[in-house]
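Grab your viewer and let's work through a few charged pairs. Each exercise comes with its solution, so try it yourself before reading on.

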Amino acid sequence: MTCAACVSRVERALRAVPGVVSASVNLATERATVGILDDGAAATALLVAAIERTGYDARVVPPGGPDAASVQRRASADRFDRWHVAIAAMLSAPLLLPMLAMPFGWHLMVPAVVQFALATPVQFWLGARFYRAGWRALAAGAGNMDLLVAIGTTAAWGLSVWNWLSAPAGAMPELYFEASAVVITLVLLGKWLEGRARRGTAFALRSLRALAPERARLLRDGGEIEVPIASVAPGDTVLVRPGERVAVDGEVVAGASEIDESLVTGESLPVAVKPGDAVVGGALNGNGLLQVRATHAAADGTLEQIARLVEHAQASKAPIQRIVDRVAEWFVPVVVLIALGTGVGWALAGAAVDVAVLRAVAVLVIACPCALGLATPAALVAGTGAAARAGILIRDAVALESAAAIGVVAFDKTGTLTMGRPTLLAHERFGTDPGEVLALGAALQKDSGHVLARALIEAAPAAGALATDVVASPGLGVEGHVGARHLALGSLRFVEGRAVEVGAARGWLEGQQAAGRTVSLLADLTSLRVVGAFAFADAARPSARATVAALQAAGVHTVLLTGDHAASAAALARQVGIEDIRASLLPADKLRIVHELAAQYGPVAMVGDGINDAPALAAADLGMAMGGGTDVAAAAAGIVLLRSEPWAVVAALDIARRTRRRIRLNLVLATVYNLAGVPLAAFGVLTPVIAGAAMAASSVSVVTSALLLARWRPASPPKSLIVK
């Protein structure tokens, strides 16, 4: 594909296939993402056939990215294009040099027959791609950049041949072979440079997948065997030697070491691991020998999931790009009409036929919408790639555009602004042995993934009682049977909702809450009395205060939304600098408040990590899920922050704003170029050669502008605001 008009043509062809519900084509990545009702091989074949009817080749991208054959084809095509550019330049140089020498009084014009011999191979051999693509576009009832180049250069070449053959004997006719040859050479050069630049935007993705080792060492039947990474199945035990990369996601079953997980977290400091700790495929092992039990196949691991998310984001379209694509549908026909009008106008004004044709040719060449088609996708690919390297996964272009316009950020508390690892600081009994209170509470929470449950289980005796008929109420608590006792464990609202008498526990509860601690009550639902209570505390994440300060300095309102009680929420809010606090919230309350904040402050970003945050994450203009949270939260979010630090929110909004600014700058450059270039060409200020050079330069400049985003690195939080 060469321009935005190509994108529109392929999308129309795909949407015409029965069963297609959506189709989005990205010029920068040369990918089509299609939503279909039937995912069988027959449906895929129909999609490929539809694309081929528009004049393009198409292949299905296999899992794990392009295969070796595709990479080889791309490399071969790059070499092929490079040789074409070199040959075209050598043939065009003798035609262009006399023009450059003329201002210095040097007359080096070569004979007409030599000009014809040099220009014709460029026009019809090296430029054959423009005829083929232009004809296919015309046959499909559309136009594209190739059609404009083919029409314009053919007119210049044909006019030169006519003038040469019709000139009187001995006369030197007006020839424009250099215009046709040089324009094609410049367009070929521009497309080659543009292609190299576009391929550079995918460097982050290639680097990411390259982190996965190709083979793994399995421990099987008391021995060690080496197998391809694709052969590792969940449950296999993989040996990871010092200095090697972990083959697949898994759990350490033997050994201890330090591993570098910067590919996932963006954090360069190594992490100590021991038996029971989870490790990520692709992470670099330190100086210890590890045995890792695989929990996922390589195709389902974190590394491949990250790559797929980046691919999806790069293949998606920003809303503004859809407007560009619609404009492109009528852009080429309008340009052809303007070119015809230019030629006719100059002829009616008394200009010679050759002058009128050259003015029309210049309009056709300068108007090629290459830069317009690349402005948005090139910036999007570069921006999402830079974000991925920093541990920020932007799911799609809509999320990126939303992130750039956020007016308020709502934070969950536990696991988001806090470490998410609260500890049990105190517990009290009310008519029960304290040891029994711990055992009963741990039994109810045994299968829970809640952070308070983990803290309680860690503090309880190693061997506890077993609970049955356990039912969890998200955001409130759990109830079940431990032996013959029917128990409930949760918030004050949870136990009071079951008609439990709080009694003497209320004073202890209020004292702990005043200290900013979270309290859970253990109630006997048979006697309807509180029999125990637990107080937990969770430390703020180091970058929490710096994050809030940076957002507020940027004019973004910050809010704390938590299911915790008001005193605990207020204690954390004072520590991190948030004044707007909404506490004791259920998931439905968070959802409601997100809508209220949107009405008051504009686009809302919700940052959370738990299942109870999922409704608010989905309802917000932008959901940001912390990487250490649940899969449900990540699925509901538009951006996944692989680093479990709030500062990643600041970095995500920063790269989003920079990417949107770059998109707008590129669109302005491309639009101004076309709007200014067409009238200049129509009025004779630009020759076809200059127009061709400008057109090629505009495409390269837009892609180069986008690639500046690849240099982005997230800033570090101010040390003075780090929470110790």
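**Exercise 1.** In this predicted model, find the closest N and O atoms of R217 and E224 and decide what kind of contact they make.

*Solution.* Start with the distance: the closest N and O atoms of R217 and E224 are 3.4 Å apart. The cut-off for a salt bridge is 4 Å, so the R217 and E224 pair counts as one. Next, check the surroundings: E224 has a relative accessible area of 39%, which makes E224 partly exposed. Finally, follow the charges outward: R217 and E224 belong to a network of salt bridges that also links R241 and E244.

**Exercise 2.** Work out which parts of the chain the pair of E436 and R485 links.

*Solution.* First, the contact: E436 and R485 form a salt bridge, with 3.0 Å between the closest N and O atoms. Then place both ends: E436 sits in helix α16 (residues 434-444) and R485 in strand β17 (residues 485-490). The two are 49 residues apart, so the pair links distant parts of the chain. As for accessibility, E436 comes out at 32%, partly exposed, and R485 at 25%, also partly exposed.

**Exercise 3.** Explain how R658 and D654 are placed along helix α25.

*Solution.* Both residues lie in helix α25 (residues 647-682). They are four residues apart, so about one helical turn separates them. Their closest N and O atoms are 3.1 Å apart, and the pair forms a salt bridge. R658 is partly exposed at 37% relative accessible area, and D654 is partly exposed at 23%.

**Exercise 4.** How many salt bridges does the structure hold?

*Solution.* Count them over the structure and you get 17.

Conventions: Residues are numbered from 1 along each chain as its sequence is written. This is a predicted model: local features need pLDDT of at least 70, side-chain atom pairs count only at pLDDT 80 or more; totals for chains, interfaces and linings use all residues. Side-chain values use heavy atoms; hydrogens and water are left out. A salt bridge is a side-chain nitrogen of Lys or Arg within 4 Å of a carboxyl oxygen of Asp or Glu. Buried means under 20% relative accessible area, exposed over 50%, partly exposed in between (1.4 Å probe, protein chains only).
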